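Here's a quick briefing on one protein model. Have a look at the fold first, then come back for the details.

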Amino acid sequence: MSRIVCVNGEYLDEAEARISVFDRGFLFADAVYEVTAVLDGRLVDFPAHLARLHRSLDALRLPAPATDEEITAIHRELVARNALVEGLIYLQISRGAADRDFLFPSEPRPSLVAFTQARPLVETEAARKGIGIVTLPDLRWARRDIKTVQLLAPSLTRMQARESGADDAWMVEHGFVTEGTSSNAWIVRADGRIITRDLSPSILHGITRSAVLACAREAGLTIEERPFTPEEAREAAEAFVTAASAFVTPVVAIDGTVIGDGTPGPVTTRLREIYVAESRRRAI
Ligand code: PDD
């Protein structure tokens with residue numbers, strides 16, 4: 001089925017949508033993006049996604065081509081035009097088309113592209129059974145806190161994980177897990193403590209991470225925000241990932257080592273339930 005997508009404020013059939021070959025998003029990965037979950041036709045954690053979008057735009061000195069109200073309206077219009085009930089909305093803002101030059105154009109005309117991806121997010125096999133991950137080197141640049149479209153390293157890493165029989169990879173730098181290829185990484189120790197890496201330029205500041213931290217604190221769980229090693233992860237009682245596209249998804253094997261009894265653990269299951277219920281309640 002063909003989608004209606006948005007290019008610079010125009011709504012077009014996906015087959016008709018066009019971006020210039022000179023677009024700096026295409027030539028330099030000079031672009032930032034957001035992925036927002038849609039539940040019951042409403043936007044999950046949207047104010048936080050808008051706030052991070054501004055943070056990324058500012059870091060690249062890229063002017064926003066639309067106001068927050070206009071960006072929100074684009075998301076709602078795409079949900080309506082595509083009758084989207086559950087799935088994702090991808091939004092990308094690039095520095096736009098300019099003759100190829102490493103220097104930024106003096107008068108940039110940023111381009112904005114947005115499209116929907118209909119898919120189940122709540123009832124998924126990954127949530128029911130959990131996923132297996134492998135640890136692999138983190139090949140990315142030093143500013144992973146900026147959500148740019150430079151996704152070749154995580155894409156290559158995800159491919160390598162798949163080819164080795166796992167579902168995904170957790171990336172490792174200086175002996176510590178940074179994050180998943182498109183998710184934040186968490187473990188639950190046998191004593192019940194929940195560990196996830198602290199915020200820094202080494203990882204993306206996940207919107208779901210922050211919402212799940214709030215849910216966990218609210219539920220009275222003990223949290224440590226600090227780096228952990230692959231060894232500590234393999235010895236954990238439970239593990240999981242968070243992302244707009246995964247919510248809270250259990251990890252049941254790490255580098256071939258079974259985590260817990262090989263099925264989604266109780267803390268992970270509870271956090272997923274709380275997060276999904278909260279998201280349904282707060283979605284706009
Ligand atoms: N990726 N870390 C990385 C490297 C990511 O790419 C993502 C999300 C996350 C989780 O962030 P959030 O909770 O805000 O979705 C962490 C999106 C979903 C993607 O690229 O498809």
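Before we start, a bit of vocabulary: two strands count as paired if DSSP finds at least two bridges between them. Keep in mind that this is a predicted model. We'll look at one strand and its partners, then at a cavity.

**Strand 7 and its neighbours**
- Strand 7 covers residues 131–137, and six of its seven residues are buried, so the rest of the structure largely encloses it.
- On one pairing, strand 7 runs parallel to strand 8 (residues 168–173), and five bridges join the two.
- Want a spot to find on that pairing? Look for Thr 135, which stands opposite Trp 170 in strand 8.
- Strand 7 also runs parallel to strand 14, this time with three bridges.
- Here you can look for Ile 133, whose bridge partner in strand 14 is Ile 254.

**The link between strands 7 and 8**
- Put strand 7, helix 5 (residues 152–163) and strand 8 together and you get a right-handed β-α-β unit.

**The cavity**
- How many cavities of 30 Å³ or more does the structure hold? There's just one.
- The largest cavity has a volume of about 40 Å³.
- Its lining includes Glu 238, Val 251, Ile 259 and Thr 268.
- Strand 13 (238–243) and strand 14 (247–254) are the elements that each give two or more residues to that lining.
- Strand 14 gives the most, with three residues.
- By type, the lining residues of the largest cavity split into seven nonpolar, four polar and one charged.

Methods
Residues are numbered from 1 along each chain as its sequence is written. This is a predicted model: local features need pLDDT of at least 70, side-chain atom pairs count only at pLDDT 80 or more; totals for chains, interfaces and linings use all residues. Side-chain values use heavy atoms; hydrogens and water are left out. On a 1 Å grid over the protein atoms alone, a cavity is a set of points where a 1.4 Å probe fits but cannot get out, and a pocket is an open set with protein on both sides within 12 Å along at least five of seven lines; lining residues have an atom within 4 Å of a point. Grid points are joined across faces, edges and corners, and a volume is the space filled by probe spheres set on the points. Helices (H or I, at least four residues) and strands (E, at least two) are DSSP runs, numbered from the N terminus. Ala, Val, Leu, Ile, Met, Phe, Trp, Tyr, Cys and Pro count as nonpolar, Asp, Glu, Lys and Arg as charged, and the others, Gly among them, as polar. Buried means under 20% relative accessible area, exposed over 50%, partly exposed in between (1.4 Å probe, protein chains only). A crossover is right-handed if, with the strands pointing away from the viewer, the path from the first strand over the helix to the second runs clockwise.
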